[in-house]
Amino acid sequence: MGFRTLLEYEVGDFAAGETYLERLLEAMRLSSPGPTMEYLVPAIAIPLVNRNTGVGERSEAARSAAEDALSSGYVLPLGAQVARVGLALLAVERRDVEAATQQFSALQSTRGNMVMTTINGERVLGLLSHTMGNLDQAVAHFVDAQAFCRKAGFRPELAWTCCDYADTLKERDAEGDRAKAIALLDESLAISSELGMRPLMERVLSRREILKA
Amino acid sequence: MQPDSHEAGRLLSEYARVLAIEEGNYEDAQSAFAQALVIARREQDATLEMRTLTHACYVDSWYLQWQEARSRTAQAIELADQASDLRAEAQVRSYAGLVRILSGDFEGAHYHTQAALSVAERLRDRTWLIFAL
């Protein structure tokens, strides 16, 4: 259900996505709070949905699900990692430097791996580094995320990585960063267009216009 | 029951999984898995050995022990023909696919997931069909 929810949002069918997301939330409401899939899936899915919609809807439900899982006293390492990635993405969404710094230290275990098959660990660390204002560190993580996705053939994740990496380069604005950012956005647009990832296409197009202005 | 009996091996295999997942005790679980494997090999019980390795890689996944999980899925899959336990085979092939996708091994993941799907179809088991799909 979590994967179906994300898939619908990735292709821009927000109405269908919302239907599945509501079913996820209903399953959570019917379960006792704890580090179960009923809590962990919304904890990570909602912030990922928000990156597609650009709206911080249901962020409070995601934060609450992640914190319920983490505070249960019997969360296993995988459950803790998933809940923390959810909190990390919420910290990025809110541009909360303190929360980002806290999750960055706790999420080193995600390096070199995907988390729940939904997001690359290096991309999470890149987003957190950007939020923390450490742009050089963010670039290093995005480079690793890009290499991972390219080697594995994970094209949707590569398209998102290129877009996030371009955001960091735009903000750093060192020599060559602008041209590199445009090239990354071009790559992201090519992949997202081919795969029908409409929300990402729109995100990339708006960024490209600004950079090319 | 004798502590190193065949029956004890079957109990240890299940107990280790519960110890790790329900009690959060990874170390003692590993020791129980190791004892169960010794018994399974001594008794030449491929089904018990495969089930124990399958439980162990499930536990490894929850504890982020991806290398160990990868190695154990490979060992368990080697026993599949001898063990003739389709449920354990569907389970371990699904885990094998998942572990490989998390580490970026797309081809390996595809191979194991296809195999998991085929076993789950033979088994007509919805849980593992959904997992493989």
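Helices are DSSP runs of H or I with at least four residues, strands are DSSP runs of E with at least two, and both are numbered from the N terminus. The exercises below concern a predicted model, in which local features need pLDDT of at least 70 and side-chain atom pairs count only at pLDDT 80 or more, while totals for chains, interfaces and linings use all residues. Residues are numbered from 1 along each chain as its sequence is written, and chains are lettered from A and ligands numbered from 1 in the order in which they are written.

**Exercise 1. Place Leu64(B) in its chain, and find which residues Leu64(B) touches.**

Solution. Begin with the position along the chain: Leu64(B) lies in the loop between helix 3 (46–62) and helix 4 (66–78) of chain B. Next, turn to the surroundings, where a residue is buried if 20 or more other C-beta atoms, placed from the backbone, lie within 10 Å of its own, exposed if 12 or fewer, and partly exposed in between. Leu64(B) has 17 other C-beta atoms within 10 Å and is therefore partly exposed. For the last step, take two residues to be in contact if their C-beta atoms, placed from the backbone, lie within 7 Å. Leaving aside residues up to four places away in sequence, Leu64(B) touches Pro77(A), Leu78(A), Gln81(A) and Ser109(A). Within chain B, Leu64(B) and Val99(B) are 35 residues apart in sequence, with their C-alpha atoms 9.8 Å apart in space.

**Exercise 2. Describe the make-up and dimensions of chain B.**

Solution. The secondary structure comes first: chain B has eight helices and zero strands. The C-alpha trace of chain B spans about 45 × 30 × 25 Å along its principal axes. To judge these dimensions, use the radius of gyration, taken over C-alpha atoms, and the globule rule of 2.2 Å times the number of residues to the power 0.38. A compact globule of 133 residues would have a radius of gyration near 14 Å, and chain B agrees, because its own value is 14 Å. Finally, 45% of the 133 residues in chain B are buried, and among contacts between residues at least 6 apart in sequence, 51% join residues at least 24 apart.

**Exercise 3. Carry out the same kind of description for chain A, and add its domains.**

Solution. Chain A holds 11 helices and two strands, and read along the sequence the pattern is α-α-α-α-α-α-β-β-α-α-α-α-α. The C-alpha trace of chain A spans about 50 × 35 × 30 Å along its principal axes. With 213 residues, a compact globule would have a radius of gyration near 17 Å, and chain A agrees, with 17 Å. Of these 213 residues, 50% count as buried.

The next step is the division into domains, whose bounds come from an automatic or database domain assignment. Chain A is assigned domain 1 (1–94) and domain 2 (101–213), and their centres, taken over C-alpha atoms, are 21 Å apart. The contact between them takes 17 residues from domain 1 and 18 residues from domain 2 of chain A. On the side of domain 1, helix 5 of chain A gives the largest share, eight residues.

**Exercise 4. Work out how helix 5 and helix 7 of chain A pack together.**

Solution. Axes here are lines fitted to C-alpha atoms, for helices over the stretch in contact, and angles run from 0 to 180 degrees between N-to-C directions. Helix 5 (residues 77–94) and helix 7 (residues 121–132) of chain A pack at an angle of about 35°, and their axes are 9 Å apart. As for the residues involved, Val85(A), Ala88(A), Ala91(A) and Val92(A) of helix 5 meet Val124(A), Leu127(A), Leu128(A) and Thr131(A) of helix 7.

**Exercise 5. Compare the settings of Arg95(A) and Met116(A).**

Solution. Start from the general expectation: most residues other than glycine have a negative phi. Phi of Arg95(A), however, is near 55°, a positive value, and Met116(A) has a positive phi of about 55°. Arg95(A) is found in the loop between helix 5 and helix 6 (97–106) of chain A, whereas Met116(A) is found in the loop between strand 1 (114–115) and strand 2 (119–120) of chain A. Arg95(A) has 11 other C-beta atoms within 10 Å, so Arg95(A) is exposed; Met116(A) has 20 C-beta neighbours inside 10 Å, so Met116(A) counts as buried.
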